[in-house]
Amino acid sequence: PARRFDYLDEILRSLEAFGKLLRSEPERPLGKLFLKNGGWPEFQEARALCLNKLKHLPDWFDLLPSDSSKIEDYILNNATIILCTAASSFNLRRVRDFKPFELLVIDEAAQLKECESLIPLQLGIHRAVLIGDECQLPALVKSKLSAEAGFGRSLFERLCLLGHPKHLLDVQYRMHPEISKFPISSFYCRKVTDGPNVLHRDYERKLLDGPMYGPYSFINIQGGIESSGMHGTSLSNAAEVAAVTRIVQRLSQGMLQLPKYSAAFGFVCTESVDTRSKLSVGVVSPYKAQVRAIQESLALEHDKYCGLSVKIRTVDGFQGAEEDVVIFSAVRANTHGSVGFLSDQRRTNVAQTRAKHCFWILGDAATLSSSRTVWQKIVADAKERGCFYDGNDDKDLCAVVSVA
């Protein structure tokens with residue numbers, strides 16, 4: 001095996017040398033170079049060496065097929081580790097001739113329907129490891145009838161319900177302790193602790209002036225109205241769109257060394273901004289219409305902003321992601337405390353656990369407090385911890401919300 005790798009290394013070095021020769025003569029027409037007598041001697045010699053080594057490559061590997069259509073089968077039959085989706089693992093039954101696997105690892109197992117988990121389990125598995133979190137979003141099932149019948153339930157969740165023992169990774173290394181406090185107590189029964197890195201004083205970031213923009217806060221946006229508008233049945237809230245936009249603008253201003261005037265946003269980027277030190281910002285909302293409205297308001301190009309790296313997605317699209325700062329727009333604002341699927345605890349858990357240094361919730365406190373859902377507890381918890389703020393107390397924020 002060592003000699004095989006040495007031979008591969010020789011091939012790579014020969015190809016690299018051949019490439020340098022090509023790049024050294026950019027003016028020569030490539031078509032003429034590859035004619036039988038079209039290249040200069042060094043080029044012809046390097047080309048012949050590469051072709052010769054590639055020609056004898058199959059001799060160095062046992063049973064390497066000459067038919068390109070069988071190369072995939074050869075690789076899969078001789079691979080030690082195979083990465084694939086649950087559905088595509090079905091093809092391995094044909095290729096590996098039912099050779100058993102020592103170990104099957106299913107990542108994000110709590111998001112995989114139980115029927116989908118059965119596909120790789122039929123390959124002849126000696127041991128299986130399921131990795132996931134049943135407290136976060138399950139598999140997507142569009143049919144309400146199928147969802148009620150438990151079609152979206154994962155094998156991971158079924159084993160948990162049956163009392164099968166599980167190993168809990170009980171230390172979190174992402175969230176500032178002020179951010180992790182509510183999820184740990186409400187969703188993980190206080191069985192998770194904060195890692196030493198997030199407990200360190202340097203982990204706290206002060207990005208905007210005022211206590212309203214600390215590690216964790218609920219910012220009450222009054223006067224907003226939820227509406228379906230031009231985006232169909234999905235909801236949006238213009239007041240919260242304006243508030244989110246202004247906060248992102250101010251974050252960007254804080255990241256700039258020499259802010260200048262811009263007709264679009266009141267400032268532009270300067271060349272002195274170090275792209276390596278960009279602050280990652282996630283804007284999250286449960287509603288697609290709100291996500292689109294915020295994207296249009298910020299007028300982002302390639303998800304980049306001055307001094308920031310900005311991602312705007314729904315809660316479902318943010319599972320598994322993390323950002324330095326997360327701004328959550330709750331959208332719902334009505335007189336009867338209706339919050340729709342915002343009441344889903346698993347979706348709420350995902351939204352609350354994406355931020356590393358700062359997590360700011362923008363919402364109508366009156367609506368959420370009267371919802372009799374987990375959001376009633378979130379608002380009460382923020383008030384109890386002194387993390388509840390009125391958006392009107394920030395004059396700049398109040399002005400843009402009033403206009404909206």
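**Exercise 1. At what angle do helix H11 (residues 238–255) and H16 pack, and how far apart are their axes?**

Solution. The structure is a predicted model, and the values below are computed from it. In this model, helix H11 and H16 pack at an angle of about 140°, with their axes 8 Å apart. To classify this arrangement, recall that angles over 145 degrees count as roughly antiparallel, 65 to 115 as roughly perpendicular, and those under 35 as roughly parallel, with the rest taken as oblique. H11 and H16 are therefore oblique to each other, and their crossing is right-handed.

**Exercise 2. Identify which residues in H11 meet which residues in H16, and describe the contact by class.**

Solution. Begin with the H11 side, where Ala 239, Ala 242, Ala 243, Arg 246, Ile 247 and Arg 250 take part. On the H16 side, the partners are Asp 396, Leu 397, Val 400 and Val 401. By class, this contact of H11 with H16 has seven nonpolar residues, three charged residues and no polar ones.

**Exercise 3. Determine how many cavities of 30 Å³ or more a search of the whole structure finds, and characterise each lining.**

Solution. The search finds two such cavities. The largest cavity has a volume of about 40 Å³, and its lining consists of Asn 220, Ile 221, Gln 222, Gly 391, Asn 392, Leu 397, Cys 398 and Val 401. Helix H16 (residues 395–403) supplies the largest share of that lining, namely three residues. Leu 397 and Val 401 thus appear both in this lining and in the contact with H11. Sorted by class, the lining of the largest cavity comprises four nonpolar, four polar and no charged residues.

Turning to the second largest cavity, its volume is about 30 Å³, and it is lined by Ala 110, Glu 134, Gln 136, Pro 138, Ser 154, Glu 157 and Arg 346. Here the division is two nonpolar, two polar and three charged residues, whereas the lining of the largest cavity has no charged residues.

**Exercise 4. Describe the largest pocket by its volume, its lining and the elements that contribute to the lining.**

Solution. About 1300 Å³ of space lies in the largest pocket. Its lining is made up of 39 residues, and those that lie nearest its centre are Gly 132, Asp 133, Leu 168, Leu 169 and Tyr 188. The elements giving two or more residues to this lining are strand E2 (125–130), helix H8 (155–161), strand E3 (171–172) and helix H9 (177–187). As a last step, assigning the lining residues of the largest pocket to classes yields 22 nonpolar, eight polar and nine charged.

Definitions and conventions: Residues numbered from 1 in each chain as written. Predicted model: local features only at pLDDT ≥ 70, side-chain atom pairs only at ≥ 80, totals over all residues. Heavy atoms only, no water. 1 Å grid on protein atoms, 1.4 Å probe; cavity = no way out; pocket = protein on both sides within 12 Å on 5 of 7 lines; lining within 4 Å. Points joined across faces, edges and corners; volume = space filled by probe spheres on them. Helix = DSSP H or I, 4+ residues; strand = E, 2+ residues; numbered from the N terminus. Nonpolar A, V, L, I, M, F, W, Y, C, P; charged D, E, K, R; others polar. Axes fitted to C-alpha atoms, helices over the stretch in contact; angles between N-to-C directions. Left-handed = near helix turned anticlockwise from the far one by under 90°. Contact = heavy atoms within 4.5 Å.
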